[in-house]
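Me: Please go through this model with me, one question at a time. I would like the reasoning kept short and each reply to finish on the item asked for.

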Amino acid sequence: MDRIRELLQFAEEEPENPFNIYALALEYQNQDKEKASFYFNKLLEEHKNYLPTYYHAAAFYASEGNISLANKLYLEGLALAKRQNNQHAKKELDNAYLNFQLENE
């Protein structure tokens, strides 16, 4: 809980920094699903160009059974990686999306 308290403080001090929200979403995903969802949604609404969100948010929603949202997020993340010309992220998203598709056939 100390880590969460620290991350909440960082988010309060720098609300425009998407990394702080991202770190909270990741930290909460194994502890409090509602809060993880809240922070992933906040990122997706307020920081649409923060590419790391898409990989983890899609995996989170897939694990929660929200397959259509996970699919949408993988595709949005792939499109964003292409627009940003981020080949490393695109490759990671491609691999994750392929595995997601195989698991959800």
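What follows is a set of questions and replies on confidence, helix packing and single residues.

Me: Which element has the highest mean pLDDT?
Reply: This is a predicted model, and the mean pLDDT of the chain is 96, with 99% of its residues at 70 or more. Among the elements, helix 1 (residues 2-13) has the lowest mean, 92. The highest mean, 98, belongs to helix 5.

Me: How are helix 1 and helix 2 oriented to each other, roughly parallel or roughly antiparallel?
Reply: The axes of helix 1 and helix 2 (residues 18-28) are 9 Å apart and make an angle of about 155°. Angles over 145 degrees count as roughly antiparallel. Helix 1 is therefore, relative to helix 2, roughly antiparallel.

Me: How many nonpolar residues are in the contact of helix 1 with helix 2?
Reply: On the helix 1 side the contact has Arg 3, Ile 4, Leu 7, Leu 8, Phe 10 and Ala 11, and these meet Asn 20, Ala 23, Leu 24, Glu 27 and Tyr 28 in helix 2. By class, the contact has 1 polar and 2 charged residues, and the nonpolar ones number 8.

Me: What is the orientation of helix 2 to helix 3, roughly parallel or roughly antiparallel?
Reply: Helix 2 and helix 3 pack with their axes 8 Å apart, and the angle is about 155°. The crossing of helix 2 with helix 3 is left-handed. Since angles over 145 degrees count as roughly antiparallel, the orientation of these two helices is roughly antiparallel.

Me: How many charged residues are in the contact of helix 2 with helix 3?
Reply: Helix 2 brings Pro 18, Ile 21, Tyr 22, Leu 24, Ala 25, Leu 26 and Tyr 28 to this contact, and helix 3 brings Lys 33, Lys 35, Ala 36, Tyr 39, Phe 40, Lys 42 and Leu 43. The class count gives 11 nonpolar residues, no polar ones and, for the charged class, 3.

Me: Which elements are among those covering the buried residues of helix 2?
Reply: Helix 2 has 8 buried residues out of 11, so it is largely enclosed by the rest of the structure. The buried ones are Pro 18, Asn 20, Ile 21, Tyr 22, Ala 23, Leu 24, Ala 25 and Tyr 28. Their cover includes helix 1, helix 3 and helix 4.

Me: Is His 47 buried or exposed?
Reply: His 47 sits in the loop between helix 3 (33-46) and helix 4. Leaving aside neighbours within four places in sequence, His 47 is in contact with Pro 15, Glu 16, Pro 18, Ile 21 and Lys 42. Its relative accessible area is 16%, and the cut-off is under 20%, so His 47 is buried.

Me: How far apart are His 47 and Asp 94 in space, C-alpha to C-alpha?
Reply: Asp 94 lies in helix 6 and is partly exposed, at a relative accessible area of 33%. In sequence, Asp 94 and His 47 are 47 residues apart. In space, their C-alpha atoms are apart by 21 Å.

Me: At what angle do the axes of helix 5 and helix 6 cross?
Reply: Helix 5 (residues 67-83) and helix 6 (residues 87-103) have axes that come within 9 Å. The two are roughly antiparallel to each other, and helix 5 passes helix 6 in a left-handed crossing. The axes cross at roughly 155°.

Me: How many nonpolar residues are in the contact of helix 5 with helix 6?
Reply: From helix 5, Ile 67, Ala 70, Asn 71, Tyr 74, Leu 75, Gly 77, Leu 78 and Ala 81 meet Ala 89, Lys 90, Leu 93, Asp 94, Ala 96, Tyr 97 and Phe 100 in helix 6. The contact has 2 polar and 2 charged residues, and its nonpolar count is 11.

Me: Which residue in the loop between helix 5 and helix 6 has a positive phi although it is not a glycine?
Reply: The residue is placed in the loop between helix 5 and helix 6. Its phi is about 55°. It counts as exposed, at 59% relative accessibility, and the residue is Asn 85.

Me: What distance separates the C-alpha atoms of Ser 63 and Ala 89?
Reply: Ser 63 is found in helix 4 (residues 52-63) and is exposed, with a relative accessible area of 55%. Ser 63 and Ala 89 are 26 residues apart along the chain. Their C-alpha atoms are separated by 20 Å.

Key: Residues are numbered from 1 along each chain as its sequence is written. This is a predicted model: local features need pLDDT of at least 70, side-chain atom pairs count only at pLDDT 80 or more; totals for chains, interfaces and linings use all residues. Side-chain values use heavy atoms; hydrogens and water are left out. Axes are lines fitted to C-alpha atoms, for helices over the stretch in contact, and angles run from 0 to 180 degrees between N-to-C directions. Helices (H or I, at least four residues) and strands (E, at least two) are DSSP runs, numbered from the N terminus. Angles under 35 degrees count as roughly parallel, over 145 as roughly antiparallel, 65 to 115 as roughly perpendicular and the rest as oblique. A crossing is left-handed if the near helix is turned anticlockwise from the far one by less than a right angle, and right-handed if clockwise. Contact means heavy atoms within 4.5 Å. Ala, Val, Leu, Ile, Met, Phe, Trp, Tyr, Cys and Pro count as nonpolar, Asp, Glu, Lys and Arg as charged, and the others, Gly among them, as polar. Buried means under 20% relative accessible area, exposed over 50%, partly exposed in between (1.4 Å probe, protein chains only). pLDDT is the predictor's confidence in each residue, from 0 to 100.
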